[in-house]
Number of protein chains: 2
Amino acid sequence: MAVHVLAVLAYKEGDPVTSAMLAGSVNTNPVIIRRLLLSLQRARLVETRMGAGAGSRLSRSPGRINLAEVYRAVEAAEPFAKPARKANTACPVGHCIRETLNRVFASAENALERDLEKTTLAGVIGMIKATCPAIVKKTG
Amino acid sequence: MAVHVLAVLAYKEGDPVTSAMLAGSVNTNPVIIRRLLLSLQRARLVETRMGAGAGSRLSRSPGRINLAEVYRAVEAAEPFAKPARKANTACPVGHCIRETLNRVFASAENALERDLEKTTLAGVIGMIKATCPAIVKKTG
DNA sequence: TGATTATGTAACTGTTGAGATTACATAAAA
DNA sequence: TTTTATGTAATCTCAACAGTTACATAATCA
């Protein structure tokens, strides 16, 4: 969803967009969008102004925002499920597996982020336009 | 959790292990383990025999099972959240972003799996033993 | 200044998915 | 045939996330 919102902002090329308009595109509630924008603001990916005639826009050009940054800004939790209960420490495997898996998963997540780094928001826009070349109207 | 179970099986070096014993190590319920084992059976990673004195063991040696296989066997859902509602198709971005993101995410997931391929179960066991060299007792 | 517009944020309500639990039929070995 | 252990269904709990309503606050414009 975060990528969707940023793609719309990129599409609007700097014009401030309200959370209501973004919600219209994502087909959700403005509050959901605003909560998401808070995360993106913390990551310095978007800037938001309050008040009448306000809205949000990208802090940087779409070519200088990659999806790894978006992923890190939004993805609070680990991508790999952690066990609800602690493993049985009486078992040698259970006792030591946690730390080992953390290392392996950190490496895997790193690989994932490095792949996401290869795609910028501008690239996403380009792919969208290539996929749907006919559409020109800026509905929001 | 799947890796934990397989690590125990690898640790037991071919001895059949019951779901109750595995549940003891993971500190969960035998039924949870059995459901997990069903997935691992479908992926031909473990073999399970029913009846008295039965249990599960690895289908292959730990050195020939990598974590990408385990990931694929267990991870049913996409790692990236899909929107609950459909995007607004009246918006050009909303209309075409789905397919574009699917491509990007498929690439990222591929990168993740290629990283997981680098680690085998035997490697996990090795790391565990290196982390906790003192423990020898085979509790389960 | 005051009306308007839009964000920030709290509080509450679904909804969904994973794990947990209980129960029981079935299969295989002793 | 008794015992042991799996396969599987039904149900429960719980956490996370999306959705909704409501309202205070901030910024603009007439």
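**Two protein chains and two DNA strands in a predicted model**

With 17 C-beta neighbours inside 10 Å, Asn27(B) counts as partly exposed. The model in which this residue is described is a predicted one. Asn27(B) is located in the loop that links H2 and H3 of chain B, and its phi is near 70°, a positive value in a residue other than glycine. Most residues other than glycine have a negative phi. A further case is found in chain A, where Arg44(A), likewise not a glycine, has a positive phi of about 60°. Arg44(A) belongs to the loop between H3 and S1 of chain A. It counts as exposed because 12 C-beta neighbours lie inside 10 Å.

The loop containing Arg44(A) leads to the strands of chain A. Strand S1 (residues 46-49) of chain A runs antiparallel to S2(A), and four bridges join the two. Within this pairing, Thr48(A) stands opposite Ser56(A) of S2(A). The two strands form a hairpin with five residues between them. In the turn of this hairpin, Gly51(A) has a positive phi of about 95°. Gly51(A) is also one of the residues that come nearest to DNA strand D.

The surroundings of DNA strand D comprise 31 residues, of which Thr28(A), Val31(A), Gly51(A), Thr18(B) and Ala52(B) come nearest. Two or more residues of this surface are given by each of helix H3 (30-42) of chain A and, in chain B, helix H2 (19-26), helix H3 (30-42) and strand S2 (55-58). H3(B) gives the most, with six residues. In terms of residue class, the surface near DNA strand D has 16 nonpolar, 11 polar and four charged residues.

DNA strand C is surrounded by 32 residues, and the closest of these are Thr18(A), Ala52(A), Thr28(B), Val31(B) and Gly51(B). Chain A supplies at least two residues of this surface from each of helix H2 (19-26), H3 and strand S2 (55-58), as does H3 of chain B. The largest share, six residues, comes from H3(A). The surface near DNA strand C divides into 17 nonpolar, 11 polar and four charged residues.

The relation between the two protein chains was then examined. Chain B is superposed on chain A by a rotation of 180° with 0.0 Å of shift along its axis, and the RMSD is 0.1 Å. The two copies are thus related as by a two-fold rotation axis. The same surface serves both copies, since 100% of the contact residues of chain B recur in chain A. Among the residues of chain B, Leu112(B) comes closest to the rotation axis, with its C-alpha at 2.5 Å.

The contact between the chains takes 47 residues from chain A and 47 residues from chain B. On the side of chain B that touches chain A, at least two residues are supplied by each of helix H1 (2-11), H2, helix H5 (92-117) and helix H6 (121-131). H5(B) provides the largest share of this side, 17 residues. By class, the side of chain B that touches chain A has 27 nonpolar, 14 polar and six charged residues. H2 of chain B thus appears both on the side that touches chain A and on the surface near DNA strand D.

Technical notes: Residues numbered from 1 in each chain as written. Chains lettered and ligands numbered in written order. Predicted model: local features only at pLDDT ≥ 70, side-chain atom pairs only at ≥ 80, totals over all residues. Near = placed C-beta within 6 Å. Nonpolar A, V, L, I, M, F, W, Y, C, P; charged D, E, K, R; others polar. Contact = placed C-beta atoms within 7 Å. Least-squares fit on C-alpha atoms with pLDDT ≥ 70 in both. Pairing = 2+ DSSP bridges. Buried ≥ 20, exposed ≤ 12 C-beta atoms within 10 Å, placed from the backbone.
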